[in-house]
Amino acid sequence: MTGKYAPPAVTIRSYPDSPICDVVVVVRDQEMILHCRDYRQATQWARLERKTYKIPEPDTGFPANEEADDLPLFLRSDRN
């Protein structure tokens, strides 16, 4: 069977009044949900999953030479 799949994506889902967050990874129309204890852990998992599945970084709207300090870790580039 041949078919077109939606492009892979990684998102973070948070809940009101709770520090718990979910990392939602969608690849080939299959969804995987990782439950994380807080937003910091969720951003680390999201970055790892994005690298694992070779999902390009989302367009943040910032020029390539500028970054916002308040961006989540998985949206920041690896420049040192």
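Where is Lys-54 found? Let me start there today: Lys-54 sits in the segment after H1. Keep in mind that what you see on screen is a predicted model. Phi of Lys-54 is positive, near 55°, and this is a residue other than glycine. Is Lys-54 buried or exposed? With a relative accessible area of 73%, Lys-54 counts as exposed, because anything over 50% falls in that class.

Okay, let's step back to the whole chain. We have one helix and three strands, and going from the N terminus the order is β-β-β-α. The chain has 80 residues, and 25% of them count as buried. The accessible surface comes to about 6,200 Å², with 53% of that belonging to carbon and sulfur atoms. As for contacts, take those between residues at least 6 apart in sequence: 27% of them join residues at least 24 apart.

Now the strands. E2 and E3 run antiparallel, and seven bridges join them. One bridge pair to look at is Cys-21 with its partner in E3, Cys-36. The hairpin of E2 and E3 has two residues between the strands, and there Arg-28 takes a positive phi near 50°.

Go back along the chain to the loop between E1 and E2, and you find Asp-17. Here's another positive phi in a residue other than glycine, near 60° this time. Asp-17 is exposed too, with a relative accessible area of 85%.

On to the helix. H1 covers residues 39-52. Does the length make sense? Well, what should 14 residues span at 1.5 Å a residue? The expected figure is 20 Å, and the end C-alpha atoms of H1 are 20 Å apart, so the two agree.

Which residues of H1 are buried? The list is Gln-41, Ala-42, Thr-43, Ala-46, Arg-47, Glu-49 and Arg-50. If you want a reason to look at the spacing in that list, remember that an α-helix has 3.6 residues a turn, so residues three or four places apart point the same way. And what covers those buried residues? The cover includes strands E1, E2 and E3.

Arg-40 is also in H1, but Arg-40 counts as exposed, at 54% relative accessibility. Its C-alpha atom is separated by 9.8 Å from that of Pro-19, with the two positions 21 residues apart along the chain counted as sequence separation.

That brings me to the core. As a general point, nonpolar side chains tend to be buried together in soluble globular proteins. In this model, the largest nonpolar core has eight residues: Val-10, Cys-21, Val-23, Val-25, Cys-36, Ala-42, Ala-46 and Ile-55. Which elements give two or more residues to this core? Those are E2 and H1, and the largest share, three residues, comes from E2. On the E2 side, recall that side chains in a regular strand alternate between the two faces of the sheet. Notice that Cys-21 and Cys-36 turn up again here as core members, having already appeared as bridge partners.

Last one: Ile-55, another core residue. What does Ile-55 touch, leaving out residues up to four places away in sequence? The answer is Pro-8, Ala-9, Val-10 and Arg-50. Of those, Val-10 belongs to the core as well, and Arg-50 is one of the buried residues of H1.

That's my tour, thanks.

Note on methods. Residues numbered from 1 in each chain as written. Predicted model: local features only at pLDDT ≥ 70, side-chain atom pairs only at ≥ 80, totals over all residues. Heavy atoms only, no water. Helix = DSSP H or I, 4+ residues; strand = E, 2+ residues; numbered from the N terminus. Buried < 20%, exposed > 50% of the residue type's maximum accessible area, 1.4 Å probe, protein only. Core = buried A, V, L, I, M, F, W, Y, C linked by side-chain atoms within 4.5 Å. Contact = heavy atoms within 4.5 Å. Expected span 1.5 Å × (residues − 1). Pairing = 2+ DSSP bridges. Areas by Shrake-Rupley, 256 points an atom, 1.4 Å probe, with all protein chains shown as cover.
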